[in-house]
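Reader: I am new to this structure. Could you show it to me and take my questions one at a time?

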Amino acid sequence: MDRGEVVLRRAGDADALAAANVWLRSFATALPTVRCSHTDDEIRSWFSTVLVPRHETWVAIAANTVVGVMVLKEAELKQLYIDPPWRGRGLGDQFMGVAKQRQPDGLTLWTFQVNTSAQRFYQRHGFTAVERTDGRHNDEHEPDVRLVWQPRARLS
Ligand SMILES: CC(C)(COP(=O)(O)OP(=O)(O)OC[C@H]1O[C@@H](n2cnc3c(N)ncnc32)[C@H](O)[C@@H]1OP(=O)(O)O)[C@@H](O)C(=O)NCCC(=O)NCCS
């Protein structure tokens, strides 16, 4: 596969379907033991009616194709999903650079406890675990962990 230049940019309405399909492929591959509580079409609709128009959604584009997606809701990193063939090639680092630039005072996110490679990724980027739940509050009822990045934490 051609690994030419990758550009990160804000998503527009026309990117919503492709971004949703990246999310679906990435979720299914990375989290085979987690049963997504929504149908594929519900996920596509969520991208086109909520994530892209109402939140700050970024896409990675390679050869005119969406290969990664990140959604910020102010300081919350809501979604970060790379198309499986593009994992491990620095796109996660690039998205994280954008997220930290957009929210220099700090970021927070939830990830599933079973997703150990994502947790290592976030730890490499300075996140620390601050809260764990048994999953009763998330749609999948899957144990999760809240991670935060607080670059300017100061002792008072
Ligand atoms: C987490 C993610 C965004 C990081 O982006 P990335 O560009 O792949 O970042 P990295 O190269 O640092 O890799 C992160 C982890 O994925 C692993 N990984 C990389 N390429 C992989 C591949 N092709 N297949 C499986 N795992 C892979 C890495 O080994 C690393 O885990 P490690 O710490 O155990 O080595 C990306 O791997 C991804 O989309 N994962 C699936 C979706 C997901 O879990 N999103 C986070 C939800 S909160």
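Reader: Is H141 buried, partly exposed or exposed?
Author: This is a predicted model. H141 lies in the loop between β6 (128–133) and β7 (144–149). It has 13 other C-beta atoms within 10 Å. A residue is exposed at 12 or fewer and buried at 20 or more, so H141 is partly exposed.

Reader: What is the phi of H141?
Author: Most residues other than glycine have a negative phi. H141 is a residue other than glycine, yet its phi is positive, near 55°.

Reader: Which residue in the loop between β3 and β4 has a positive phi although it is not a glycine?
Author: The loop follows β3 (65–73) and leads to β4. The phi in question is about 55°. The residue is exposed, with 11 other C-beta atoms within 10 Å. It is E74.

Reader: Is Y81 buried or exposed?
Author: Y81 sits in strand β4. Its contacts, leaving out residues up to four places away in sequence, are V22, W23, S26, F27, G68 and V69. Inside 10 Å there are 23 C-beta neighbours, and the cut-off is 20 or more. Therefore Y81 counts as buried.

Reader: How far apart in space are Y81 and V67?
Author: In sequence, 14 residues separate Y81 from V67. From C-alpha to C-alpha, the distance between Y81 and V67 is 8.8 Å.

Reader: How is α1 oriented to α2?
Author: Two packed helices are described by the angle and the distance between their axes. The axes of α1 and α2 (residues 40–54) come within 9 Å and cross at roughly 130°. That angle makes α1 oblique to α2.

Reader: What is the handedness of the crossing, and which classes of residue meet there?
Author: α1 passes α2 in a right-handed crossing. A16, L17, A19, A20, W23 and L24 in α1 meet D40, I43, R44, F47, S48 and V52 in α2. By class, this contact has nine nonpolar, one polar and two charged residues.

Reader: Which element gives the largest share of the shell around the ligand?
Author: There are 17 residues around the ligand, and A30, I82, G88, G92 and R120 come nearest. Two or more residues each come from α1 (16–30), β4 (76–82), α3 (91–102) and α4 (116–124). The largest share is four residues, and it comes from α4.

Reader: How many residues of each class are in that shell?
Author: The shell around the ligand mixes classes. Three of its residues are charged. The others are seven polar and seven nonpolar.

Note on methods. Residues are numbered from 1 along each chain as its sequence is written. This is a predicted model: local features need pLDDT of at least 70, side-chain atom pairs count only at pLDDT 80 or more; totals for chains, interfaces and linings use all residues. A residue is near a molecule or strand if its C-beta atom, placed from the backbone, lies within 6 Å of it. Ala, Val, Leu, Ile, Met, Phe, Trp, Tyr, Cys and Pro count as nonpolar, Asp, Glu, Lys and Arg as charged, and the others, Gly among them, as polar. Axes are lines fitted to C-alpha atoms, for helices over the stretch in contact, and angles run from 0 to 180 degrees between N-to-C directions. Angles under 35 degrees count as roughly parallel, over 145 as roughly antiparallel, 65 to 115 as roughly perpendicular and the rest as oblique. A crossing is left-handed if the near helix is turned anticlockwise from the far one by less than a right angle, and right-handed if clockwise. Two residues are in contact if their C-beta atoms, placed from the backbone, lie within 7 Å.
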